[in-house]
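Here are some exercises to work through with the model open beside you. Try each task before reading its solution.

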Amino acid sequence: IDTQILAPIEAKMDEQESQIKDNRAQLDRHRELISSKSDELAESNSRIDTQILALSATMQATAASTSDVLGWIEGLSQKINVMEEDAARDKQEILDALQGPSSDRSTSSQLPESNAFSSSTIAGGSSHSLALRSDGTIKAWGSNQYGQASIPAGLNGVKSVSAGYDFSLALKTDSTVA
């Protein structure tokens, strides 16, 4: 084969080989850049995840606090409404309840005798009442249509009571709610 023919072919091959080396070097630089950016992105995502967790915890604490305050306000509002708007009707219901207990859930449960217990915490719902006894047990009376005046057997260790429209809550000394 003639060197005049081979020389341009070899020169073209050398040029292409040089271009391939340049392309490989450029590809390696791009890979390094992508790897570096990937590491930066992973660190950024980790910081964002940490911030999201912190924000979530803050939101949960705020929601719990807001819920506690709203529950307290609602309970207080209901107590005031019962005291202001229904005093005469409640008096009659108490007198009626003194006549004895009823086994019918849609009627009233018996009002406790005046010397049956001592209590400093009383809560009133729409048509039922709760009293926290000094021994950590609860006495309930009034309407029991939805079971709101039924105290679960064995419930004790209570430190606070609250009555809603047609429900009752007890906060136990171990911070659980019954």
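**Warm-up: contacts and overall layout**

Among contacts in the protein between residues at least 6 apart in sequence, 39% join residues at least 24 apart. Keep in mind that this is a predicted model.

**Exercise 1. Lay out the elements of the protein, from the N terminus on.**

Solution.
- Step 1: Start with the inventory, which comes to two helices and six strands.
- Step 2: Put these in order, and the pattern reads α-α-β-β-β-β-β-β.
- Step 3: Add the burial figure: of the 178 residues, 19% count as buried.

**Exercise 2. Find the residues of the largest nonpolar core and the elements that supply them.**

Solution.
- Step 1: Collect the members. There are eleven residues in the largest nonpolar core: A123, L130, L132, I138, A140, A149, L155, V158, V161, A163 and A170.
- Step 2: Assign them to elements. Those giving two or more residues to this core are β3 (128-133), β4 (138-143) and β5 (158-163).
- Step 3: Pick out the main contributor. With three residues, β5 gives the most to this core.
- Step 4: Set this beside a general tendency: in soluble globular proteins, nonpolar side chains tend to be buried together.

**Exercise 3. Is V161 buried or exposed, and which residues is V161 in contact with, leaving aside its neighbours within four places in sequence?**

Solution.
- Step 1: Locate V161, which lies in strand β5.
- Step 2: Apply the cut-off. The relative accessible area of V161 is 5%, and buried means under 20%, so V161 counts as buried.
- Step 3: List the contacts. Leaving aside neighbours within four places in sequence, V161 is in contact with T121, A123, L130, L132, I138 and L169.
- Step 4: Take one of these partners and compare sequence with space. V161 and A123 are 38 residues apart in sequence, yet their C-alpha atoms are 6.5 Å apart.
- Step 5: Turn to A163, another core member. Not counting residues up to four places away in sequence, A163 touches Q78, A123, G124, G125, H128, L130 and S168.

**Exercise 4. Describe how β3 pairs with β4, and how β5 pairs with β6.**

Solution.
- Step 1: Take β3 and β4. These strands run antiparallel and are joined by five bridges.
- Step 2: Find a facing pair, such as S129, which stands opposite W141 in β4.
- Step 3: Look at the turn. The hairpin of β3 and β4 has four residues between the strands, and G136 takes a positive phi near 85° there.
- Step 4: Check the burial of β4, where five of six residues are buried; the strand is mostly covered.
- Step 5: Repeat for β5 and β6. Five bridges join these antiparallel strands, and a hairpin connects them through four residues.
- Step 6: Name a bridge here too: V158 has K172 as its partner in β6.

**Exercise 5. Characterise the lining of the largest pocket.**

Solution.
- Step 1: Begin with its space, about 520 Å³.
- Step 2: Count the lining, which has 20 residues; D68, G71, W72, S162 and L169 lie nearest the centre of the pocket.
- Step 3: Map the lining to elements. α1 (3-85), β5 and β6 (168-172) give two or more residues each.
- Step 4: Identify the main contributor, α1, which gives the most with nine residues.
- Step 5: Sort by class: the lining has nine nonpolar, eight polar and three charged residues.

**Exercise 6. Where is the place of S175, and is S175 buried or exposed?**

Solution.
- Step 1: Place S175 in the segment after β6.
- Step 2: Note the backbone. S175 is not a glycine, although its phi is positive at about 70°.
- Step 3: Apply the cut-off. Exposed means over 50%, and the relative accessibility of S175 is 52%, so S175 counts as exposed.

Methods: Residues are numbered from 1 along each chain as its sequence is written. This is a predicted model: local features need pLDDT of at least 70, side-chain atom pairs count only at pLDDT 80 or more; totals for chains, interfaces and linings use all residues. Side-chain values use heavy atoms; hydrogens and water are left out. A nonpolar core is a set of buried Ala, Val, Leu, Ile, Met, Phe, Trp, Tyr and Cys residues joined through side-chain atoms within 4.5 Å. Buried means under 20% relative accessible area, exposed over 50%, partly exposed in between (1.4 Å probe, protein chains only). Contact means heavy atoms within 4.5 Å. Two strands pair if DSSP finds at least two bridges between them. On a 1 Å grid over the protein atoms alone, a cavity is a set of points where a 1.4 Å probe fits but cannot get out, and a pocket is an open set with protein on both sides within 12 Å along at least five of seven lines; lining residues have an atom within 4 Å of a point. Grid points are joined across faces, edges and corners, and a volume is the space filled by probe spheres set on the points. Ala, Val, Leu, Ile, Met, Phe, Trp, Tyr, Cys and Pro count as nonpolar, Asp, Glu, Lys and Arg as charged, and the others, Gly among them, as polar.
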